[in-house]
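I opened this structure to take a few notes for a reader who has not met it before. The entries follow in the order I looked things up.

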Amino acid sequence: MSLRSQILKGILEGCVLAIIEQQPTYGYELSLRLQENGLTDISEGSIYPILLRLQKEQLIKGTLQESETGPKRKYYSLTEKGLQALDDFLAQWNSIQPPVENILQKRSENS
């Protein structure tokens, strides 16, 4: 597993929860939204196991809806438990991101 994959593994769930919070989303659309935000190497094959896990943990719920262009799609939305998990993720992220950036900034200043 590449270093990038290892780093993403820890934060991808939080990103997925944040996108779903913005509006109910289906798997392919979620993949596109991640790509639009620069996570171009996240495949749909990586997204669906995460969605299944989040659904099992009752952080999201899926609802089948008609599609104008094909078969029904499963739209995911956050549950109350998912909203709390996203708040927890953001609190952890906000406590980790600044010191890591600070450390890395000092490295670039010294080189």
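**Notebook: contacts, fold, one residue, one pocket**

I began with contacts (heavy atoms within 4.5 Å): of those in the protein with a separation of 6 or more, 48% join residues 24 or more positions apart.

I noted that this is a predicted model, where local features need pLDDT of at least 70, side-chain atom pairs count only at pLDDT 80 or more, and totals for chains, interfaces and linings use all residues. Residues are numbered from 1 along each chain as its sequence is written, and side-chain values use heavy atoms, with hydrogens and water left out.

Next I looked up the secondary structure and found 4 helices and 2 strands, as DSSP runs numbered from the N terminus (helices H or I, at least four residues; strands E, at least two). From the N terminus the order is α-α-α-β-β-α.

I then checked burial (under 20% relative accessible area, 1.4 Å probe, protein chains only). Buried residues are 28% of the 111 in the protein.

I picked Ser 77, which lies in strand β2 (residues 70-78). Is Ser 77 buried or exposed? Ser 77 counts as buried because its relative accessibility is 18%. Leaving out residues up to four places away in sequence, Ser 77 touches Ile 20, Pro 24, Leu 59, Ile 60 and Lys 61.

Last, I turned to the lining of the largest pocket, whose residues have an atom within 4 Å of a pocket grid point. Helix α1 gives the largest share of this lining, 5 residues. Both α1 (3-22) and α3 (44-56) supply at least two residues each.

Technical notes:
Buried < 20%, exposed > 50% of the residue type's maximum accessible area, 1.4 Å probe, protein only.
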